[in-house]
Structure formats: C-alpha cells, structure tokens
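Open the model in your viewer and keep the selection panel at hand. The stops below tell you what to select and what to look for.

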Amino acid sequence: MIDHFWRLLLSYFLKDFGEKGDYVNIDEIKEIFKDHSPKPIGVENCFSVLIPLIQKDNSLHLLYELRSKTLKRQPGEVSFPGGEIETNETPKNAAIRESCEELNLQPHNIEILGAADYLLTPFNYLIYSYVGFLNINVNIIKPNEEVEEVFTVPLEYLLSHDPLVHNTYLTNETDEGFPYDLIPNGKDYNWRVGKYPVYFYIYKDKIIWGITARLTYEFIKKLRH
C-alpha cells in the first residue's frame, strides 16, 4: 500500500517536470551542479568566531568576553568574539569584523593564524572558528556595549586542566498529525536518540561552558597532539 503511494507520487512529479521541460535534461542538471558548493542541509544561521590568543605576563593566554546582561542572546555568558556571517561575507572576514566591533580593535590588531574546526549544533547553527593573535596590550582593550568585560586564561592552565563533560540527550517529538502510517512500524518506529556533550571550564570566578568551552577544548586538543 505504501509502495503504491510513493510510486504514484513519483510518477506525478515526473509527469509535472516532463510537461514543463525543466530539470529533466541532463545538461540542465550539469549546469546546476557544476559550480555548486556543498553545504550542510537544514542550516538556519551561520556564525563565525575568533579564538584569540594574546600575550600577557610573558605567556600566551586565550581571551574571552563576558557578554552584557542586557543582550537578548546569551546574556551574562562567556563567549569568544564573533557573530553572524553577513550576506556575501566570508567566515574569516566575519570573525575579524565582529572581533573589531566587540573589542574596539582595528584589523591590523588581529593576525589570523588559521582556520580551526567548525561546529554544527543540533539546533541547525553552523559555527566557524579561526585562531588569531591579538597584537595589542590586553589592558588597553575597551570593548563595546555588548561586552561587560574581557578576561584571559593562561594557555598553560587550559593545557593542564581537562574540562568537565556532561551529556544532554536529544529525543524525538513529533508534531500533531504526524503521518505514522507512512513509516515502518508506525508509532513504534525505533527513533535514534542523540547525545550532545556539554563542556565546562572553571577558572577563578569564571565559568566557560557550552559552545565556547567546546571550541576551547577542540583547540587545546590539537595543541596537545
């Protein structure tokens, strides 16, 4: 019964495409895909952040922001400088632009050392990250109104202290009227349960957690290898 339904549905679409003469010609398909840049399906927003290294007290530190409590998104939390990628902007340029805006820097104050890994969250956010060195004295950084304060953590501390790790579990909830009759086993379908690790670093009176801690961990892990 279900197979018959899908065959009818497929024949309807093929008939519709055939009548229009669109997207069935192999040359048309080649044209569509020849310059296509693959991207994750379902991504709603793309962000880019800077993992900023800075020299302090004759040693390397990572610099973090404490976000203003007046912000709508993640108020009062610790983050790296960064934000949403604008139209026709590269992830690298977005990381530099956002860092300059939030920390009141000039582009020449930021030396990009390279791209770090990107993170696709369960909430359809794609987050790029770049490692950069700040050519400036940390004591003269005056962030904008989005940032309550900046602070640094010695690289040596992060290399010698593992984060706390706890898991959250992502289960499936269907909307009202979900067509269980169209899937094998119906309401008894064996849905996968996702596991999403949440990392925590504790340094003095600061809690670095969530995405920022995950990016910190992945960065530190590469330095250890």
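The tour moves from the whole chain to one sheet, then to salt bridges and two backbone oddities.

**Whole chain**

This is a predicted model. Colour the protein chain by secondary structure: five helices and eleven strands should appear. Now switch to a surface. The accessible surface comes to about 15,200 Å². Carbon and sulfur atoms contribute 53% of that area. Of the 225 residues, 34% are buried. Contacts reach far along the sequence: among those between residues at least 6 apart, 66% join residues at least 24 apart.

**The 9-10-11 sheet**

Select residues 164–170, which form strand 9. Add 194–203 for strand 10 and 206–209 for strand 11. Together these are an open sheet of three strands, in the order 9-10-11, with antiparallel pairing. Which strands sit at the edges? Strand 9 and strand 11 do, each pairing on one side only. Look along the sheet for its twist: neighbouring strands are turned by 25° against each other on average, direction ignored.

Zoom in on strand 9 and strand 10. Seven bridges join this antiparallel pair. For a landmark, pick leucine 164; phenylalanine 200 in strand 10 stands opposite.

Next, show helix 5, residues 210–224. Helix 5 lies across strand 10 and strand 11. Its direction is at about 85° to strand 10.

**A salt bridge within helix 5**

Stay on helix 5 and display the side chains of glutamate 218 and lysine 221. They form a salt bridge, with the closest N and O atoms 3.1 Å apart. How far apart are the two residues along helix 5? They are three residues apart, so about one helical turn separates them. Glutamate 218 counts as buried because its relative accessibility is 19%, under the 20% limit. Lysine 221, at 29%, counts as partly exposed.

**The network around helix 3**

Salt bridges in the model come to twelve. Several of them meet at the next stop. Select Glu86, Glu89, Arg97, Glu98 and Glu101: salt bridges link these residues in a network.

Centre on arginine 97 and glutamate 86. Their side chains meet in a salt bridge at 3.6 Å, N to O. Arginine 97 belongs to helix 3 (residues 91–103), while glutamate 86 sits in the loop between strand 4 (82–84) and helix 3, so the pair ties together parts that are eleven residues apart in sequence. Is arginine 97 buried or exposed? Arginine 97 is buried, with a relative accessible area of 18%. Glutamate 86 is partly exposed, at 46%.

For another pair, jump to lysine 34 and glutamate 31. The closest N and O atoms of this salt bridge are 3.6 Å apart. Lysine 34 is exposed, at 54% relative accessible area.

**Two positive phi angles**

Finish with backbone geometry. Most residues other than glycine have a negative phi. Select asparagine 88 in the loop between strand 4 and helix 3. Asparagine 88 has a positive phi of about 60°. Asparagine 88 is also exposed, with a relative accessible area of 80%.

Then cross to the loop between helix 3 and strand 5 (110–115), where asparagine 104 lies. Asparagine 104 has a positive phi too, of about 55°. Neither residue is a glycine.

Note on methods. Residues numbered from 1 in each chain as written. Predicted model: local features only at pLDDT ≥ 70, side-chain atom pairs only at ≥ 80, totals over all residues. Heavy atoms only, no water. Pairing = 2+ DSSP bridges. Helix = DSSP H or I, 4+ residues; strand = E, 2+ residues; numbered from the N terminus. Axes fitted to C-alpha atoms, helices over the stretch in contact; angles between N-to-C directions. Contact = heavy atoms within 4.5 Å. Salt bridge = Lys/Arg side-chain N within 4 Å of Asp/Glu carboxyl O. Buried < 20%, exposed > 50% of the residue type's maximum accessible area, 1.4 Å probe, protein only. Areas by Shrake-Rupley, 256 points an atom, 1.4 Å probe, with all protein chains shown as cover.
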